[in-house]
Amino acid sequence: MRMRPTLSWTPAGDALPGSTDLGPVADALAAGGVLVLSGAGLSTESGIPDYRGEGGSLSRHTPMTYQDFTGSARARRRYWARSHLGWRTFGRARPNDGHRAVAAFGRHGLLAGVITQNVDGLHQAAGSGDVVELHGSLGRVVCLSCCASMPRRELAERLEEANPGFAPVAAALNPDGDADLTDEQVAGFRVVPCPRCGGVLKPDVVFFGEAVPPGRVGRCRELVAGARSLLVLGSSLTVMSGLRFVRQAAGAGTPVLIVNRDPTRGDRHAAARVALPLGAALTAVTDRLGLAGTDRPPHGG
């Protein structure tokens, strides 16, 4: 039976109240061994909207599911037309203060690792290493038939050649790089096949309704098991792919701290939720720890 993905969550009446005290976050980082789990909220200050925050894209947009993409040529045409246009903006996004702060924590040996639910590559662009991309990366494309992989920029060039002059005006950009276009705007868009075997190309991301590869989940579970604390940044934890790691940490007695302006599905497992803007909050923590201005890469990567 085909299951629709979990797209929304309603906070309970006893939700953990948000705090403005960054002390617990600074203390956890000072102790080291912190595992970061980041979500779309970390990238909003880079111009990439989130799904569920104020003005989030789910209020107007249902993301493409794996079942729809694989089951319909029409759905694939709609997806690639919208994604191709969105990539022009998405691919130019640059790390913000939050990404740079996480990279600074890592360079100073305070982290056990970084797991991100984002597909934008901004952690790596900011200088973080060994990032586990839980949901993959929009910077790569794979063939569903022969499993060939290629950089997204190569596909973008082929799509430009196949669709000269394609430049509709989008209503908005979504967290998955998908631009809001009407059916009329995508009607004449031409999708290109795999250059090796002629098969169907798919972005190397986990669509809604698609399972995260077991090996990737296993690696994340290992990181959670070895961490002294888990720091969630900018995630509502609505979907189980991220929430399961919060539950794992809490079940093992590992402290969970959340920095997210709105309540999350993981609040009941957390010692504290800091309800502050991420860039400013994490920059303030770097100041507290004496990391501000030290050993930073050039702005924007």
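Colleague: Let's start with one residue: is Asn 163 buried or exposed?

Modeller: Happy to begin there, and please keep in mind that this is a predicted model. Asn 163 sits in the loop between helix 6 and helix 7 (183-186). Buried means under 20% relative accessible area, and the value for Asn 163 is 6%. Asn 163 therefore counts as buried.

Colleague: Which residues does Asn 163 touch, leaving out those up to four places away in sequence?

Modeller: The loop that holds Asn 163 runs between helix 6 and helix 7. With the residues up to four places away set aside, the contacts of Asn 163 are Gly 188, Phe 189 and Arg 190.

Colleague: Now the sheet: in what order do its strands stand?

Modeller: The sheet is open and has six strands, with parallel pairing. From one strand to the next, the twist averages 20°. Read across the sheet, the order is 3-2-1-7-8-9.

Colleague: Which strands stand at the edges?

Modeller: An edge strand here has a single partner strand, so one side of it is left without a neighbour in the sheet. The strands in that position are strand 3 (131-133) and strand 9 (272-274).

Colleague: How many bridges join strand 1 and strand 2?

Modeller: Strand 2 covers residues 111-116, and five of its six residues are buried. One bridge links Val 34 to its partner Leu 111 in strand 2. Strand 1 and strand 2 pair in the parallel sense, and the number of bridges is five.

Colleague: And which residue in strand 3 stands opposite Val 114?

Modeller: Strand 2 and strand 3 also pair in the parallel sense, over three bridges. Opposite Val 114, in strand 3, stands Val 131.

Colleague: What angle does the direction of helix 1 make with that of strand 8?

Modeller: Helix 1 (residues 23-31) packs on the sheet. It touches strand 1, strand 2, strand 7, strand 8 and strand 9. Its direction makes an angle with that of strand 8 of about 125°.

Colleague: Turning to the interior, which element gives the largest share of the largest nonpolar core?

Modeller: That core has 30 residues, and those with the most contacts inside it are Tyr 79, Trp 80, Leu 155 and Leu 201. The elements giving two or more residues are helix 3 (73-90), strand 4 (136-143), helix 6 (152-162) and strand 6 (201-205). The largest share is six residues, and it comes from helix 3.

Colleague: How many residues does the second core have?

Modeller: This second core is separate, and among its members are Val 25, Ala 28, Phe 105 and Leu 233. Its number of residues is 26.

Colleague: Which residues of helix 9 are buried?

Modeller: Helix 9 (residues 240-251) has 12 residues and reaches 15 Å from its first C-alpha to its last, close to the expected 16 Å. What covers its buried residues includes strand 1 (34-38), helix 8 (214-226), strand 7 (229-233) and strand 8 (256-259). The buried residues themselves are Ser 241, Gly 242, Leu 243, Phe 245, Val 246 and Ala 249.

Colleague: What follows helix 9, with a positive phi?

Modeller: The phi in question is near 80°. The residue that has it is Gly 253.

Colleague: Last one: how many disulfides does the structure hold?

Modeller: A disulfide needs two cysteine sulfur atoms within 2.5 Å. For Cys 147, the nearest cysteine sulfur, that of Cys 146, is 6.8 Å away, so Cys 147 is in no disulfide. For the structure, the number of disulfides is zero.

Note on methods
Residues are numbered from 1 along each chain as its sequence is written. This is a predicted model: local features need pLDDT of at least 70, side-chain atom pairs count only at pLDDT 80 or more; totals for chains, interfaces and linings use all residues. Side-chain values use heavy atoms; hydrogens and water are left out. A nonpolar core is a set of buried Ala, Val, Leu, Ile, Met, Phe, Trp, Tyr and Cys residues joined through side-chain atoms within 4.5 Å. Buried means under 20% relative accessible area, exposed over 50%, partly exposed in between (1.4 Å probe, protein chains only). Helices (H or I, at least four residues) and strands (E, at least two) are DSSP runs, numbered from the N terminus. The expected span of a helix is 1.5 Å times one less than its number of residues. Contact means heavy atoms within 4.5 Å. Two strands pair if DSSP finds at least two bridges between them. Axes are lines fitted to C-alpha atoms, for helices over the stretch in contact, and angles run from 0 to 180 degrees between N-to-C directions.
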